[in-house]
Amino acid sequence: MPINPSTLTFSKAAPQTVPPYDLLLLADPSRELVDAYLPVSEVYTAALDGIIVGVVVLYPINATALEIKNIAVHPAYQGQGIGSYLLQQAEAIAQQQHYRILCIGTADSSIGQLRLYKNHGFTISEIRENFFLNNYEEPIFENGLQARHMVMLEKAIPLHP
Ligand code: ACO
């Protein structure tokens, strides 16, 4: 059953707080890569009754493009609309901060995630060949497929009203 978004507390994590690695590593199993982009990104969390159930990490590529580097929902709360809510919040932040493009990348094996992003209006912009073979020590398998290429998607952000 979908969660009522008004029951979620969405907030920006203070830079000195320990990020929710349990969630971050669900989306990106490389602690090394996570630790490389966290210091140059903004981390936002969604909490339910004081417990963090979702996270989204926003990284500025340049003055016009913002990338969702990491988005994750606690497994017990997946499939209830929190991921969609986090995507909407990321779009709202991109607009408030005057970015014109919001990007997101996922593995070529992440079928459900691709469906989610495409349903939210993202379109494929680039394929980063062999990204998962070159950047991850262990092979990643999901949906019976090995993750090989990074599929980059993007969405145009309307001007802030
Ligand atoms: N299996 C099936 N469907 C999935 C999956 C999956 N593993 N992942 C996402 N979906 C899609 C489906 O399209 C589904 O839509 P449907 O109603 O048509 O079936 C939709 O997600 C569900 O939407 P929400 O409930 O809003 O999403 P949820 O709260 O489950 O959050 C998320 C989606 C963040 C991908 C979550 O499943 C998750 O944390 N997964 C593990 C971590 C992960 O893969 N993160 C993304 C990696 S890419 C990156 O971080 C840039």
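**Two pockets and a ligand**

Tutor: Lys12, Ala13, Ala14, Pro15, Thr17, Pro19, Leu38, Ser41, Glu42 and Val43 line the second largest pocket. Keep in mind that this is a predicted model.

Student: What makes a residue such as Lys12 part of that lining?

Tutor: A lining residue needs an atom within 4 Å of a pocket grid point. Lys12 is on the list, so one of its atoms passes that cut-off. The volume of this second largest pocket is about 170 Å³.

Student: How is its lining split by class?

Tutor: Into 6 nonpolar, 2 polar and 2 charged residues. Lys12 and Glu42 line the pocket, and Lys and Glu count as charged, so these two belong to the charged class.

Student: Now the largest pocket: what is its volume, and which residues are closest to its centre?

Tutor: Its volume comes to about 980 Å³. There are 39 lining residues, and Ala27, Ile71, Thr106, Gln113 and Tyr117 are the ones closest to the centre. By class, 22 are nonpolar, 12 polar and 5 charged.

Student: Which element gives the most to that lining?

Tutor: That's β4, with 7 residues. Other elements supplying at least two include α1 (21-27), α3 (82-96) and α4 (111-119).

Student: Where does the ligand sit, and how do you know?

Tutor: In the largest pocket. Sitting in a pocket takes more than half of the molecule's atoms within 2 Å of the pocket's grid points; the ligand is assigned there, so it meets that test. Two or more residues of the shell around the ligand come from each of α1, β4, α3, β5 and α4, and β4 gives the most, with 6.

Student: What puts Ser84 in that shell?

Tutor: Being near means having a heavy atom within 4 Å. Ser84 is among the closest of the 23 residues around the ligand, so it makes the cut. Val73, Gly81, Gln113 and Arg115 are the others named as closest. The shell has 10 nonpolar, 11 polar and 2 charged residues.

Student: Why is the approach of Gly112 to the ligand called a polar contact?

Tutor: A backbone N or O atom of Gly112 lies 3.3 Å from a ligand nitrogen, and the limit is 3.5 Å, so the pair counts. Ile71 has a backbone N or O atom 2.8 Å from a ligand nitrogen, while for Val73 the backbone N or O atom is 2.7 Å from a ligand oxygen. Both distances are within 3.5 Å, so they count too. As for cover, the ligand alone exposes 950 Å², and the protein buries 72% of that.

Terms used: Residues numbered from 1 in each chain as written. Predicted model: local features only at pLDDT ≥ 70, side-chain atom pairs only at ≥ 80, totals over all residues. Heavy atoms only, no water. 1 Å grid on protein atoms, 1.4 Å probe; cavity = no way out; pocket = protein on both sides within 12 Å on 5 of 7 lines; lining within 4 Å. Points joined across faces, edges and corners; volume = space filled by probe spheres on them. Helix = DSSP H or I, 4+ residues; strand = E, 2+ residues; numbered from the N terminus. Polar contact = N/O pair within 3.5 Å; in protein donor to acceptor, adjacent residues only side chain to side chain. Areas by Shrake-Rupley, 256 points an atom, 1.4 Å probe, with all protein chains shown as cover.
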